[in-house]
Amino acid sequence: MGSLDALSVTIDIKLMFVGDYSYSSYVLLVVSLLKVGVSSLCFFQENFDSLLTKLPMAGIKLWEIADDGLHSLNDSRVQMLNDLRNSHDLLFNIHTPWTAVNISAMHPNVREKVQETVIDSIQFAYEIGSEYVVIHPGRSSHFVKGTGELCWSFTADFLKRAAEFCADCGITPLLENIFPPYFLFHDPDDIERYFREDAPENLRFVCDFGHANVTGNLLPLVGKTADYVEYVHLSGNHGEKDDHLPIDEGNVEWKEGLDVLFKAGFDGTIIVENYNIDDAYTSLETLRSFVDSRGNK
(Lines give C-alpha, C1' and ligand atoms only; values in the text may rest on other atoms or scores of the structure.)
Protein backbone atom coordinates (compact mmCIF):
# COMPACT_ATOMS: atom_id res chain seq x y z
CA MET A 1 0.00 0.00 0.00
CA GLY A 2 1.41 3.43 -0.96
CA SER A 3 1.78 6.23 1.54
CA LEU A 4 -1.24 8.14 0.22
CA ASP A 5 -3.45 5.07 0.43
CA ALA A 6 -2.19 4.34 3.92
CA LEU A 7 -2.98 7.87 5.04
CA SER A 8 -6.42 7.67 3.45
CA VAL A 9 -7.13 4.63 5.59
CA THR A 10 -5.71 6.36 8.64
CA ILE A 11 -7.93 9.42 8.26
CA ASP A 12 -11.18 7.46 8.30
CA ILE A 13 -13.59 10.16 9.47
CA LYS A 14 -17.19 9.22 10.11
CA LEU A 15 -20.31 11.23 10.90
CA MET A 16 -22.05 10.79 14.21
CA PHE A 17 -24.94 12.36 16.14
CA VAL A 18 -24.24 13.60 19.65
CA GLY A 19 -27.28 15.60 20.65
CA ASP A 20 -26.22 16.64 24.15
CA TYR A 21 -22.83 18.11 23.32
CA SER A 22 -23.00 21.88 23.88
CA TYR A 23 -20.43 22.83 21.25
CA SER A 24 -22.20 21.13 18.37
CA SER A 25 -25.68 19.78 18.89
CA TYR A 26 -25.84 18.39 15.40
CA VAL A 27 -23.42 16.24 13.38
CA LEU A 28 -19.93 15.77 14.81
CA LEU A 29 -16.84 14.47 13.11
CA VAL A 30 -15.09 11.50 14.61
CA VAL A 31 -11.60 10.34 13.78
CA SER A 32 -12.02 6.60 14.10
CA LEU A 33 -8.37 5.59 13.77
CA LEU A 34 -5.29 6.84 15.55
CA LYS A 35 -3.02 8.72 13.20
CA VAL A 36 -4.94 12.01 13.22
CA GLY A 37 -5.87 13.89 16.36
CA VAL A 38 -6.59 17.25 17.93
CA SER A 39 -4.68 19.47 20.34
CA SER A 40 -6.37 20.29 23.64
CA LEU A 41 -5.49 23.89 22.78
CA CYS A 42 -9.12 24.07 21.62
CA PHE A 43 -10.15 23.96 25.31
CA PHE A 44 -7.17 25.93 26.63
CA GLN A 45 -9.27 28.80 28.00
CA GLU A 46 -11.34 26.44 30.15
CA ASN A 47 -10.48 24.89 33.50
CA PHE A 48 -9.17 21.37 33.87
CA ASP A 49 -12.51 19.94 35.05
CA SER A 50 -14.11 21.27 31.88
CA LEU A 51 -11.35 19.67 29.83
CA LEU A 52 -12.03 16.31 31.47
CA THR A 53 -15.72 16.61 30.68
CA LYS A 54 -15.31 17.61 27.05
CA LEU A 55 -12.51 15.31 25.89
CA PRO A 56 -14.64 12.13 25.85
CA MET A 57 -17.68 13.96 24.42
CA ALA A 58 -15.86 15.41 21.44
CA GLY A 59 -15.73 12.18 19.45
CA ILE A 60 -11.94 12.40 19.00
CA LYS A 61 -9.80 9.41 19.93
CA LEU A 62 -6.29 10.89 19.83
CA TRP A 63 -5.51 14.04 21.80
CA GLU A 64 -2.35 16.03 22.23
CA ILE A 65 -2.61 17.32 25.79
CA ALA A 66 -1.09 20.76 26.38
CA ASP A 67 0.70 20.53 29.73
CA ASP A 68 0.54 24.24 30.50
CA GLY A 69 -1.68 27.05 31.73
CA LEU A 70 -4.92 25.94 33.37
CA HIS A 71 -4.16 22.39 32.21
CA SER A 72 -0.71 22.07 33.80
CA LEU A 73 -0.29 18.48 34.93
CA ASN A 74 0.42 17.04 38.35
CA ASP A 75 0.10 13.57 39.85
CA SER A 76 -3.61 13.83 40.58
CA ARG A 77 -4.44 15.22 37.14
CA VAL A 78 -2.44 12.47 35.48
CA GLN A 79 -4.52 9.94 37.40
CA MET A 80 -7.70 11.65 36.19
CA LEU A 81 -6.49 11.50 32.60
CA ASN A 82 -5.60 7.84 33.02
CA ASP A 83 -9.09 7.10 34.35
CA LEU A 84 -10.53 8.92 31.34
CA ARG A 85 -8.23 7.11 28.93
CA ASN A 86 -9.17 3.72 30.28
CA SER A 87 -12.91 4.35 30.52
CA HIS A 88 -13.30 5.94 27.07
CA ASP A 89 -10.53 4.24 25.07
CA LEU A 90 -8.65 7.49 24.37
CA LEU A 91 -5.03 8.06 23.42
CA PHE A 92 -2.92 10.94 24.70
CA ASN A 93 0.34 12.51 23.60
CA ILE A 94 1.83 15.36 25.59
CA HIS A 95 3.01 18.81 24.57
CA THR A 96 5.47 19.83 27.28
CA PRO A 97 5.16 23.31 28.88
CA TRP A 98 6.04 26.27 26.66
CA THR A 99 4.28 29.52 27.65
CA ALA A 100 6.82 30.62 30.28
CA VAL A 101 9.51 28.08 29.48
CA ASN A 102 12.96 28.57 27.97
CA ILE A 103 15.19 25.51 28.16
CA SER A 104 18.07 27.78 27.05
CA ALA A 105 17.61 30.43 29.74
CA MET A 106 20.83 32.32 30.40
CA HIS A 107 20.55 32.17 34.20
CA PRO A 108 21.76 28.69 35.24
CA ASN A 109 19.32 28.35 38.16
CA VAL A 110 16.36 29.29 35.99
CA ARG A 111 17.55 27.01 33.18
CA GLU A 112 17.88 24.07 35.58
CA LYS A 113 14.37 24.57 36.98
CA VAL A 114 12.82 24.93 33.54
CA GLN A 115 14.54 21.84 32.21
CA GLU A 116 13.38 19.85 35.24
CA THR A 117 9.83 21.01 34.49
CA VAL A 118 10.09 19.55 30.98
CA ILE A 119 11.52 16.30 32.35
CA ASP A 120 8.57 16.11 34.77
CA SER A 121 6.22 16.53 31.81
CA ILE A 122 7.93 13.64 30.01
CA GLN A 123 7.41 11.54 33.13
CA PHE A 124 3.70 12.43 33.05
CA ALA A 125 3.63 11.42 29.38
CA TYR A 126 5.05 8.04 30.32
CA GLU A 127 2.45 7.60 33.06
CA ILE A 128 -0.47 8.18 30.68
CA GLY A 129 0.93 5.90 28.00
CA SER A 130 1.97 8.54 25.45
CA GLU A 131 3.75 7.51 22.29
CA TYR A 132 5.13 11.00 21.67
CA VAL A 133 6.13 14.08 23.62
CA VAL A 134 6.56 17.49 21.97
CA ILE A 135 9.35 19.83 23.12
CA HIS A 136 9.91 23.46 22.15
CA PRO A 137 13.48 24.61 21.48
CA GLY A 138 15.07 27.32 23.59
CA ARG A 139 15.26 31.02 22.89
CA SER A 140 18.18 33.40 22.73
CA SER A 141 18.31 36.35 25.11
CA HIS A 142 16.21 39.44 24.39
CA PHE A 143 18.76 41.59 26.21
CA VAL A 144 22.21 40.12 25.50
CA LYS A 145 23.10 40.25 21.81
CA GLY A 146 25.02 37.48 20.08
CA THR A 147 23.88 34.68 22.42
CA GLY A 148 22.28 32.46 19.79
CA GLU A 149 25.13 29.94 19.59
CA LEU A 150 25.49 29.71 23.37
CA CYS A 151 21.77 29.33 23.92
CA TRP A 152 21.58 26.66 21.21
CA SER A 153 24.28 24.72 23.05
CA PHE A 154 22.03 24.74 26.12
CA THR A 155 19.14 23.41 24.02
CA ALA A 156 21.28 20.73 22.36
CA ASP A 157 22.69 19.52 25.68
CA PHE A 158 19.23 19.30 27.20
CA LEU A 159 17.84 17.44 24.21
CA LYS A 160 20.44 14.72 24.73
CA ARG A 161 19.30 14.35 28.31
CA ALA A 162 15.60 14.45 27.40
CA ALA A 163 16.08 11.93 24.58
CA GLU A 164 17.85 9.52 26.93
CA PHE A 165 15.05 9.87 29.47
CA CYS A 166 12.46 9.29 26.73
CA ALA A 167 14.32 6.18 25.58
CA ASP A 168 14.11 4.78 29.11
CA CYS A 169 10.36 5.54 29.09
CA GLY A 170 9.68 4.12 25.62
CA ILE A 171 8.52 7.51 24.30
CA THR A 172 9.60 9.24 21.09
CA PRO A 173 10.71 12.85 21.74
CA LEU A 174 9.81 15.44 19.11
CA LEU A 175 11.49 18.82 18.59
CA GLU A 176 9.25 21.52 17.11
CA ASN A 177 10.19 24.37 14.79
CA ILE A 178 9.14 27.81 16.03
CA PHE A 179 9.82 31.22 14.43
CA PRO A 180 12.32 34.08 14.72
CA PRO A 181 13.61 36.35 16.05
CA TYR A 182 14.43 34.69 19.37
CA PHE A 183 13.51 31.03 18.98
CA LEU A 184 16.49 29.00 17.81
CA PHE A 185 14.98 26.30 15.59
CA HIS A 186 13.49 27.61 12.35
CA ASP A 187 16.09 27.63 9.54
CA PRO A 188 15.68 24.67 7.12
CA ASP A 189 19.42 24.18 6.59
CA ASP A 190 20.18 24.33 10.31
CA ILE A 191 17.38 21.92 11.17
CA GLU A 192 18.41 19.42 8.48
CA ARG A 193 22.04 19.62 9.55
CA TYR A 194 21.16 19.12 13.21
CA PHE A 195 19.13 15.97 12.56
CA ARG A 196 21.71 14.62 10.13
CA GLU A 197 24.80 15.25 12.26
CA ASP A 198 24.03 15.96 15.91
CA ALA A 199 20.56 14.94 17.06
CA PRO A 200 20.08 11.98 19.40
CA GLU A 201 19.10 8.91 17.41
CA ASN A 202 15.59 8.70 18.86
CA LEU A 203 14.76 12.41 18.49
CA ARG A 204 12.39 13.20 15.63
CA PHE A 205 11.01 16.36 14.07
CA VAL A 206 7.50 17.73 14.58
CA CYS A 207 6.95 20.12 11.70
CA ASP A 208 4.55 22.90 12.65
CA PHE A 209 3.17 24.20 9.35
CA GLY A 210 1.72 27.34 10.95
CA HIS A 211 5.04 28.29 12.56
CA ALA A 212 6.86 27.72 9.29
CA ASN A 213 4.37 29.93 7.47
CA VAL A 214 5.03 32.77 9.91
CA THR A 215 8.74 32.25 9.28
CA GLY A 216 8.07 32.19 5.53
CA ASN A 217 9.79 28.90 4.76
CA LEU A 218 7.26 26.06 4.89
CA LEU A 219 8.02 24.38 1.56
CA PRO A 220 11.82 24.70 1.84
CA LEU A 221 11.55 23.34 5.38
CA VAL A 222 9.56 20.22 4.52
CA GLY A 223 11.70 19.69 1.45
CA LYS A 224 14.88 19.69 3.53
CA THR A 225 13.60 17.74 6.54
CA ALA A 226 11.02 15.25 5.20
CA ASP A 227 13.17 12.27 6.19
CA TYR A 228 13.05 13.35 9.85
CA VAL A 229 9.40 14.38 10.15
CA GLU A 230 7.32 11.96 12.21
CA TYR A 231 4.60 14.31 13.40
CA VAL A 232 2.84 17.38 11.97
CA HIS A 233 0.99 20.31 13.54
CA LEU A 234 -1.58 21.86 11.20
CA SER A 235 -3.31 25.23 11.58
CA GLY A 236 -4.03 28.26 9.45
CA ASN A 237 -2.65 31.80 9.52
CA HIS A 238 -1.89 34.71 7.21
CA GLY A 239 1.88 34.61 7.66
CA GLU A 240 2.01 37.39 10.24
CA LYS A 241 1.23 35.64 13.54
CA ASP A 242 0.37 32.18 14.84
CA ASP A 243 -3.43 32.53 14.63
CA HIS A 244 -4.36 28.82 14.84
CA LEU A 245 -7.18 29.27 12.33
CA PRO A 246 -8.87 26.34 10.56
CA ILE A 247 -6.38 24.89 8.12
CA ASP A 248 -8.16 26.24 5.02
CA GLU A 249 -8.09 29.85 6.27
CA GLY A 250 -5.08 32.04 5.57
CA ASN A 251 -2.19 31.35 3.21
CA VAL A 252 -0.44 28.29 4.67
CA GLU A 253 0.55 26.02 1.78
CA TRP A 254 -0.41 22.97 3.79
CA LYS A 255 -1.60 20.87 0.85
CA GLU A 256 1.69 21.34 -0.97
CA GLY A 257 3.61 20.67 2.24
CA LEU A 258 1.73 17.44 2.92
CA ASP A 259 2.26 16.34 -0.67
CA VAL A 260 6.03 16.70 -0.17
CA LEU A 261 5.86 14.61 2.98
CA PHE A 262 3.63 11.95 1.42
CA LYS A 263 5.99 11.56 -1.53
CA ALA A 264 8.82 11.05 0.98
CA GLY A 265 6.83 8.23 2.61
CA PHE A 266 5.40 10.08 5.62
CA ASP A 267 3.12 7.83 7.65
CA GLY A 268 3.26 9.62 11.00
CA THR A 269 0.81 11.57 13.13
CA ILE A 270 -1.07 14.74 12.20
CA ILE A 271 -2.48 16.99 14.93
CA VAL A 272 -4.78 19.92 14.16
CA GLU A 273 -4.19 22.88 16.47
CA ASN A 274 -7.11 25.29 16.72
CA TYR A 275 -8.37 27.63 19.41
CA ASN A 276 -11.88 26.12 19.54
CA ILE A 277 -13.44 22.75 18.90
CA ASP A 278 -15.62 23.85 16.00
CA ASP A 279 -12.54 25.05 14.12
CA ALA A 280 -10.90 21.71 14.89
CA TYR A 281 -13.85 19.84 13.33
CA THR A 282 -13.61 22.11 10.28
CA SER A 283 -9.90 21.35 9.98
CA LEU A 284 -10.49 17.60 10.25
CA GLU A 285 -13.15 17.64 7.56
CA THR A 286 -10.93 19.74 5.27
CA LEU A 287 -8.05 17.35 5.83
CA ARG A 288 -10.24 14.35 5.12
CA SER A 289 -11.49 15.90 1.88
CA PHE A 290 -7.93 16.65 0.78
CA VAL A 291 -6.72 13.12 1.44
CA ASP A 292 -9.78 11.63 -0.26
CA SER A 293 -9.17 13.76 -3.35
CA ARG A 294 -5.53 12.63 -3.52
CA GLY A 295 -6.48 9.01 -3.04
CA ASN A 296 -8.87 9.16 -5.98
CA LYS A 297 -6.26 10.46 -8.43
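I looked up how helix 6 and helix 8 cross in this predicted model, and I noted that their crossing is right-handed. For the geometry I wrote down an angle of about 15° between the two, with their axes 9 Å apart. Since angles under 35 degrees count as roughly parallel, I entered helix 6 as roughly parallel to helix 8.

I then listed the residues that meet there, which are Pro188, Asp189, Ile191 and Glu192 on the side of helix 6, and Pro220, Leu221, Lys224 and Thr225 on the side of helix 8. Sorted by class, I have 4 nonpolar, 1 polar and 3 charged residues in this contact.

Next I asked which residues of helix 8, spanning residues 218-225, are buried. I found Leu218, Leu221, Val222 and Thr225. Viewed down the axis of helix 8, these buried residues fall within an arc of 90°, so I recorded that they line one face of the helix. As their packing partners I noted helix 6 (188-198), strand 8 (204-208), helix 7 (209-215), strand 9 (229-234) and helix 9 (254-263).

Last, I turned to helix 9, which packs with helix 8 at an angle of about 10°, the axes being 9 Å apart. I therefore entered helix 8 as roughly parallel to helix 9. From helix 8 the contact takes in Leu218, Leu219, Val222 and Gly223, and from helix 9 Trp254, Glu256, Gly257, Val260 and Leu261. By class I noted 6 nonpolar, 2 polar and 1 charged residues for the contact of helix 8 with helix 9.

Note on methods:
Residues numbered from 1 in each chain as written. Predicted model: local features only at pLDDT ≥ 70, side-chain atom pairs only at ≥ 80, totals over all residues. Heavy atoms only, no water. Buried < 20%, exposed > 50% of the residue type's maximum accessible area, 1.4 Å probe, protein only. Helix = DSSP H or I, 4+ residues; strand = E, 2+ residues; numbered from the N terminus. Arc of directions from axis to C-beta. Contact = heavy atoms within 4.5 Å. Axes fitted to C-alpha atoms, helices over the stretch in contact; angles between N-to-C directions. Parallel < 35°, antiparallel > 145°, perpendicular 65-115°, else oblique. Nonpolar A, V, L, I, M, F, W, Y, C, P; charged D, E, K, R; others polar. Left-handed = near helix turned anticlockwise from the far one by under 90°.
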